[in-house]
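Trainee: I have a new structure open and would love some company while I look through it. Could we go over it together, one question at a time?

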Amino acid sequence: MTDRIPCAILGASGYIGQHFARLLADHPTFAVAALGATERSEGRLLEEIWQLAEPPPSELEKFRIRRWSPAELSRRGIRLAFSALPSGTARDLESALVRRGISVFSNAADHRMDPSVPLLVPEVNGEHLALLGPPRRGRGILVTNPNCSATGLVLSMAPMMDLLRPKVVHVATYQSLSGAGYPGVPSLAITDNVVPFIQEEEEKLERESGRILGRLRDHRVVASPISFSAHCARVATREGHLEAVTVEAEARPGVSELRTAWRTFDPLARLGLPTAPHPPIEVRDEPDRPQPLRDRWAGRPTRARGMATVVGRIRWVPPFLRFFVLSHNAVRGGAGASVLNAEYALARGWDLTGGA
Ligand SMILES: NC(=O)c1ccc[n+]([C@@H]2O[C@H](COP(=O)([O-])OP(=O)(O)OC[C@H]3O[C@@H](n4cnc5c(N)ncnc54)[C@H](OP(=O)(O)O)[C@@H]3O)[C@@H](O)[C@H]2O)c1
């Protein structure tokens with residue numbers, strides 16, 4: 001092992017956990033040292049529980065999954081954890097990890113709206129990391145990433161905030177099956193069907209988007225005044241959440257001006273973060289894109305595959321601006337988002353090794 005920072009993946013046997021393993025297996029900065037789950041997966045090798053289409057990473061396939069407690073992780077010298085724990089379970093467990101000096105980068109919803117916890121999309125609200133106060137060695141931090149449908153929406157909004165001055169954003173989602181994890185939606189409920197309900201999804205999409213696009217004032221986030229209104233549906237695609245967006249705005253810039261704003265947006269360009277896509281937003285000009293099947297793995301360089309958000313079908317239907325946006329729910333909206341957040345925190349001066 002090199003001087004890569006040892007880390008744990010919690011919820012490693014689940015859908016997001018496996019994407020974490022895929023992304024962290026040969027990561028230049030982080031090295032997986034523990035895979036955690038419940039008694040259901042205890043003792044099994046990663047290769048035995050693996051369900052993603054591509055093979056498990058060779059570096060980790062013989063790794064055993066265990067039920068790790070925060071105390072055991074701490075005794076093993078682990079100071080960094082990536083969390084793919086289910087909502088409900090995550091709140092206490094993640095807090096216990098942080099109390100032990102372990103920094104947590106979480107996919108779970110439980111702490112996303114806590115006033116002192118950043119809900120971070122580095123290209124959009126990197127400054128919200130300041131909610132943590134100044135970096136201090138040995139202290140664990142907790143950073144969350146948003147719901148998988150909010151990530152694509154806020155990324156697509158960020159470059160046009162000043163240009164468009166949005167007032168109301170209506171969004172209708174077409175969310176893939178993997179957004180529900182394993183075992184997910186029963187096949188008989190979704191084959192030949194669309195389910196126009198995902199528990200709590202519309203509420204999360206609306207409130208998290210408002211918080212991410214909000215401003216920092218006196219060490220708190222003041223939510224954006226934009227009014228968000230969401231319809232969320234589950235459709236029978238495997239991966240990639242597609243969203244139809246309709247914006248009511250104060251300004252009416254031309255479509256070509258908007259395209260340029262999206263295409264030139266790259267606030268992380270100079271930081272050298274391994275998982276950051278450049279550019280983070282790809283614009284398709286074809287009339288039938290983006291599509292989940294064809295665009296879900298957008299993102300360059302290779303390590304950032306699935307990290308770019310794809311925008312298309314941009315048009316004015318006065319007084320509304322309309323477009324579609326697509327992002328990979330498990331990568332940009334899940335594991336990749338947490339990994340990028342950790343890389344960003346490190347670049348911004350957080351140590352993440354807990355070193356004294
Ligand atoms: N799916 C997505 O696209 C997506 C996107 C963004 C965020 N998220 C969020 O990411 C989290 C994981 O989602 P998922 O889709 O990967 O779910 P999942 O496939 O159901 O996996 C859940 C994982 O958590 C483990 N787990 C459950 N209870 C635990 C406990 N008490 N202690 C330790 N581990 C426990 C499970 O272990 P066993 O296998 O041993 O039961 C499994 O490894 C959720 O909070 C979800 O909301 C999901």
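**A walk through the model**

Mentor: Happily! Let us begin with Leu24, which touches Arg4, Cys7, Ile9, Phe30, Val32, Phe82 and Val339, leaving aside residues up to four places away in sequence. Keep in mind that this is a predicted model.

Trainee: How many residues does the largest nonpolar core have?

Mentor: Leu24 is a good way in, being among the residues with the most contacts inside that core, along with Phe20, Phe30, Phe82 and Phe105. Elements giving two or more residues to this core are β1 (5-10), α1 (15-24), β2 (30-36), α2 (46-49), β4 (80-83) and α12 (335-347). Nonpolar side chains tend to be buried together in soluble globular proteins. The size of this core is 44 residues.

Trainee: And how many residues are in the other core that lies apart from it?

Mentor: Among its members are Ala230, Val283, Val311 and Leu321. Its count is 35 residues.

Trainee: How many residues of α1 are buried?

Mentor: The buried residues of α1 include Tyr15, Gln18, His19 and Arg22 as well as Phe20 and Leu24. What covers them includes β1, β2, α2, β4 and α12. The helix is mostly covered, and the buried count is 10 of its 10 residues.

Trainee: Lys204 caught my eye. Which side chain of opposite charge is nearest to Lys204?

Mentor: Lys204 sits in helix α9 (residues 201-212) and touches Ala109, Arg112, Asn147 and Ser209, again not counting residues up to four places away in sequence. Lys204 is buried yet has no salt bridge. A salt bridge needs a distance within 4 Å, and the nearest side chain of opposite charge is 4.6 Å away; that side chain belongs to Glu201.

Trainee: Which residue does a cis peptide bond join to His278?

Mentor: Most peptide bonds are trans. Here omega is about 0 degrees, and the partner of His278 lies in the loop between α10 (255-264) and β12 (281-283). That partner is Pro279.

Trainee: What is omega for the cis bond from Arg289 to Pro290?

Mentor: Pro290 is in the loop between β12 and α11 (292-295). For the cis bond leading into Pro290 from Arg289, omega is near 5 degrees.

Trainee: Is Arg165 buried, exposed or partly exposed?

Mentor: Arg165 belongs to the loop between α7 (161-164) and β7 (166-175), and its phi is near 50 degrees, a positive value in a residue other than glycine. Most residues other than glycine have a negative phi. Since exposed means over 50% relative accessible area, the 42% of Arg165 makes this residue partly exposed.

Trainee: What is the relative accessibility of Asp192?

Mentor: Asp192 is found in the loop between α8 (187-190) and α9. Its phi is positive too, near 65 degrees. Asp192 counts as exposed because its relative accessibility is 78%.

Trainee: Now the ligand. How far from an oxygen atom of the ligand does a polar side-chain atom of Ser13 lie?

Mentor: There are 26 residues around the ligand, and Ser13 is one of those that come nearest, together with Thr38, Arg40, Ser41 and Leu85. The distance from the polar side-chain atom of Ser13 to the ligand oxygen is 2.6 Å.

Trainee: Which residue has a polar backbone atom 3.0 Å from a nitrogen atom of the ligand?

Mentor: Let us set two backbone contacts side by side. A backbone N or O atom of Tyr182 lies 3.0 Å from a ligand oxygen atom. For the ligand nitrogen atom, the residue is Ser178.

How values were computed: Residues are numbered from 1 along each chain as its sequence is written. This is a predicted model: local features need pLDDT of at least 70, side-chain atom pairs count only at pLDDT 80 or more; totals for chains, interfaces and linings use all residues. Side-chain values use heavy atoms; hydrogens and water are left out. A nonpolar core is a set of buried Ala, Val, Leu, Ile, Met, Phe, Trp, Tyr and Cys residues joined through side-chain atoms within 4.5 Å. Buried means under 20% relative accessible area, exposed over 50%, partly exposed in between (1.4 Å probe, protein chains only). Helices (H or I, at least four residues) and strands (E, at least two) are DSSP runs, numbered from the N terminus. Contact means heavy atoms within 4.5 Å. Lys and Arg count as positive and Asp and Glu as negative; His and the chain ends are not counted. A residue is near a molecule or strand if one of its heavy atoms lies within 4 Å of it. A polar contact is a pair of N or O atoms within 3.5 Å; within protein, one must be able to donate a hydrogen and the other to accept it, and residues adjacent in sequence count only if both atoms are side-chain atoms.
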